[in-house]
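Let's walk through this structure together, starting with the overall picture and then moving to a few individual places. Keep the viewer open as you read.

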Amino acid sequence: MNKNLRAILLWVVAVAFMLVFVVYQRMTGPTYPIKGKVAFVGETIKYKLIRSWGKTGDAEIKLETPNNYITGTFKYRRFKSYDGWTYVPMQKSNGYLIAFIPHQPPAGKVMYNIILRSGKNSVVLCKGPVIIRFTGIVPPFVLWPHIIIMFLAMVFAIRALMEAISKGDKIFILTLFTFSMFLIGGLILGPIVQKYAFNAYWTGWPFGHDLTDNKVLAAFILWLVALIKTWKNRQHRAWVIIAGLGLIAVYLIPHSLLGSEIDYTKLKK
């Protein structure tokens with residue numbers, strides 16, 4: 001195969017793998033909206049319940065209801081608190097039932113669910129309550145460079161892994177780029193994003209158990225070792241393969257799992 005064509009194909013494969021992991025991280029994380037449908041009084045009601053709110057004001061929960069005779073009761077309480085459930089009737093507007101969750105400080109969580117009623121009939125929308133986490137507002141000029149660089153880090157990491165497996169001659173330069181992007185996107189911009197979102201620069205080891213921070217730290221260490229090894233020996237392959245496979249294992253852990261959260265039971269009233 002032509003060398004240039006081979007390089008293009010490897011980059012295409014690397015980008016494809018990155019996109020697969022991005023979709024996987026998005027759909028498996030605890031902030032991805034819960035989607036489903038429920039049959040009620042002859043209607044099929046589809047729902048999409050949000051689990052993250054990073055805007056000002058109260059979190060808006062909307063449910064489309066084709067039947068005007070269907071009403072909704074919204075119940076909520078703070079997660080990890082001694083609160084009792086609060087029940088409020090949902091507002092009707094243009095075919096939607098709407099409710100609002102009182103705004104919480106960054107990392108505050110609220111549990112909620114919806115009870116639909118029509119005459120004497122009623123149904124709970126979800127089997128268990130949905131948990132929504134509130135975040136601070138992250139400026140786009142910080143958030144987007146962080147996201148883009150972390151995506152590129154994943155592409156270069158996979159490309160470096162393939163280069164090491166195929167015994168290519170660009171192992172060192174690809175490892176250098178991968179390490180640099182994890183350094184900039186993960187350990188420099190990442191904590192800044194974390195500060196805006198949750199008012200803390202770092203909540204991973206050794207200060208906490210945030211898996212997102214710990215994943216970045218693990219990937220950074222693996223690629224640091226790989227960089228040192230390839231710096232000494234430009235054809236070193238073992239640690240690049242270890243770092244690449246380790247990164248894949250790290251990215252199989254859902255994003256934002258065990259993330260920052262407020263324990264209201266420990267706060268003074």
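What radius of gyration does the chain have, and what would a compact globule of 269 residues have? This is a predicted model, and its chain has a radius of gyration of 23 Å, whereas a compact globule with that number of residues would be near 18 Å. The extents of the C-alpha trace add to that picture: along the principal axes it spans about 75 × 50 × 30 Å.

Next, the make-up of the chain. You will find five helices and eleven strands. Of the 269 residues, 45% are buried. Contacts can be sorted by sequence separation: among those with a separation of 6 or more, 68% link residues that are 24 or more positions apart. On the outside, the chain exposes about 14,900 Å², and carbon and sulfur atoms supply 64% of that area.

Now turn to helix α4, which covers residues 211-232. Its 22 residues should span 32 Å at 1.5 Å a residue, and because its end C-alpha atoms are 32 Å apart, the model agrees with that expectation. The buried residues of α4 include nonpolar ones you can pick out in the viewer, among them Val216, Leu217, Phe220, Leu222 and Trp223. Asp213 and Lys215 of α4 are on the buried list as well. What do the buried residues of α4 pack against? Their partners are α1 (3-28), α2, α3 (171-198) and α5 (238-251).

Just before this helix comes a residue worth a look. Trp205 sits in the loop between α3 and α4. Is Trp205 buried or exposed? It counts as exposed, because its relative accessibility is 59%, and the cut-off for that class is over 50%. Leaving aside residues up to four places away in sequence, Trp205 touches Asn214 and Leu217. Leu217 is one of the buried residues of α4, so this contact ties the loop residue to that helix. For a sense of distance, Trp205 and Gly29 are 176 residues apart in sequence, and their C-alpha atoms are 20 Å apart in space.

Finally, look at the surface of helix α2, which runs over residues 140-165 and holds Ile148. Together with Trp144 and Leu152, Ile148 makes a nonpolar surface patch of about 300 Å². Why can Ile148 belong to such a patch? Its relative accessible area is 45%, which makes Ile148 partly exposed, and patch residues need over 30%.

Conventions: Residues numbered from 1 in each chain as written. Predicted model: local features only at pLDDT ≥ 70, side-chain atom pairs only at ≥ 80, totals over all residues. Heavy atoms only, no water. Patch = residues over 30% accessible without salt bridge, like charges linked within 9 Å, V, L, I, M, F, W, Y side chains within 5 Å. Areas by Shrake-Rupley, 256 points an atom, 1.4 Å probe, with all protein chains shown as cover. Salt bridge = Lys/Arg side-chain N within 4 Å of Asp/Glu carboxyl O. Helix = DSSP H or I, 4+ residues; strand = E, 2+ residues; numbered from the N terminus. Buried < 20%, exposed > 50% of the residue type's maximum accessible area, 1.4 Å probe, protein only. Expected span 1.5 Å × (residues − 1). Contact = heavy atoms within 4.5 Å. Rg over C-alpha atoms; globule rule 2.2 N^0.38 Å.
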